[in-house]
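Here is a short note for a colleague meeting this structure for the first time. Please read the points in order, with the model open beside the text.

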Amino acid sequence: MKTYVILRRSGWRSPEDVGEAAARSRAVGDDEMSDDIRWIRSYVLNEGEAVGTVCIYQATSAEAVREHASRAMLPVDEIIEVADTVIVRPDPTPAAV
């Protein structure tokens, strides 16, 4: 599998909407497409009036990422294949929602 960054700009109105989207994403990824896609992590973006995300997935292809998004009713603005990973520090502890 390859690693992809998925940019979802202003995809939701609130963090609660992101939570609902996350539940759909997990259900589709775990139950329907487990051989093709794995959700690694997401960063939620405060975009003023809306909330966006930058999501990290592993998938068999960019097409599998798009299919997963379609099935889970998730927006997709851009899919970028990751060339390499440089870890300087571990991710910070998630903020309480």
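1. Which residue's side chain meets that of arginine 9 in a salt bridge? The partner is glutamate 47, with 2.4 Å from N to O. Keep in mind throughout that this is a predicted model. Glutamate 47 belongs to strand β2, residues 37–47. Arginine 9 belongs to strand β1, residues 2–12. The two are 38 residues apart, and the pair links distant parts of the chain. Arginine 9 is partly exposed, because its relative accessibility is 47%, a value between the 20% and 50% cut-offs.

2. Now the overall layout. The protein chain has 2 helices and 4 strands. From the N terminus, the order is β-α-β-β-α-β. The C-alpha trace spans about 35 × 35 × 20 Å along its principal axes. The radius of gyration is 13 Å. A compact globule of 97 residues would come out near 13 Å, so the chain agrees with that expectation.

3. Contacts and surface come next. Take the contacts with a separation of 6 or more: 72% of them join residues 24 or more positions apart. Of the 97 residues, 30% count as buried. The chain exposes about 6,500 Å². Carbon and sulfur atoms supply 50% of that area.

4. Look at strand β3, residues 50–59. How many of its 10 residues are buried? The count is 8, and the strand is mostly covered. β3 pairs with β1 in the antiparallel sense over 8 bridges. Within β3, cysteine 55 is the bridge partner of isoleucine 6. β3 also pairs with β2, again antiparallel, over 10 bridges. Here tyrosine 57 of β3 is the bridge partner of tryptophan 39.

5. The turn between β2 and β3 deserves a look. This hairpin has 2 residues between its strands. Glycine 48 in the hairpin takes a positive phi near 80°.

6. Back to charges. Side chains of opposite charge can pair when their charged atoms come close. The structure holds 7 salt bridges. One of them joins arginine 71 and glutamate 32, at 3.3 Å from N to O. Arginine 71 is in helix α2, residues 62–71, and glutamate 32 is in helix α1, residues 15–32, so the bridge ties together parts that are 39 residues apart in sequence. Arginine 71 is partly exposed, with a relative accessible area of 40%. Glutamate 32 is partly exposed too, at 49%. The pair is also part of a network of salt bridges that links Glu32, Glu67 and Arg71.

7. Another salt bridge joins aspartate 91 and arginine 41. Their closest N and O atoms are 2.6 Å apart. Aspartate 91 sits in the segment after β4 (78–81), while arginine 41 is in strand β2. They are 50 residues apart, and the pair links distant parts of the chain. Aspartate 91 counts as partly exposed, at 39% relative accessibility. Arginine 41 is also partly exposed, with a relative accessible area of 36%.

8. Is arginine 8 buried or exposed? Arginine 8 is buried, because its relative accessible area is 2%, against a cut-off of 20%. This residue is found in strand β1. A polar atom of the arginine 8 side chain lies 2.6 Å from the backbone oxygen of proline 75. Leaving aside neighbours within four places in sequence, arginine 8 is in contact with ten residues' worth of listed partners, including Glu47, Cys55, Tyr57, Ala69, Leu74 and Pro75. The C-alpha atoms of arginine 8 and leucine 45 are separated by 9.2 Å, though the two are 37 residues apart along the chain.

9. Finish with histidine 68. This residue is in helix α2. Histidine 68 is buried, with a relative accessible area of 1%. What does histidine 68 touch, not counting residues up to four places away in sequence? The residues are Ser25, Val28, Gly29, Met33, Ile37, Tyr57 and Leu74. Tyr57 and Leu74 also appear among the contacts of arginine 8.

Note on methods
Residues are numbered from 1 along each chain as its sequence is written. This is a predicted model: local features need pLDDT of at least 70, side-chain atom pairs count only at pLDDT 80 or more; totals for chains, interfaces and linings use all residues. Side-chain values use heavy atoms; hydrogens and water are left out. A salt bridge is a side-chain nitrogen of Lys or Arg within 4 Å of a carboxyl oxygen of Asp or Glu. Buried means under 20% relative accessible area, exposed over 50%, partly exposed in between (1.4 Å probe, protein chains only). Contact means heavy atoms within 4.5 Å. A polar contact is a pair of N or O atoms within 3.5 Å; within protein, one must be able to donate a hydrogen and the other to accept it, and residues adjacent in sequence count only if both atoms are side-chain atoms. The radius of gyration is taken over C-alpha atoms; the globule rule is 2.2 Å times the number of residues to the power 0.38. Accessible areas come from the Shrake-Rupley method with a 1.4 Å probe; for residues, only the protein chains shown count as cover. Two strands pair if DSSP finds at least two bridges between them.
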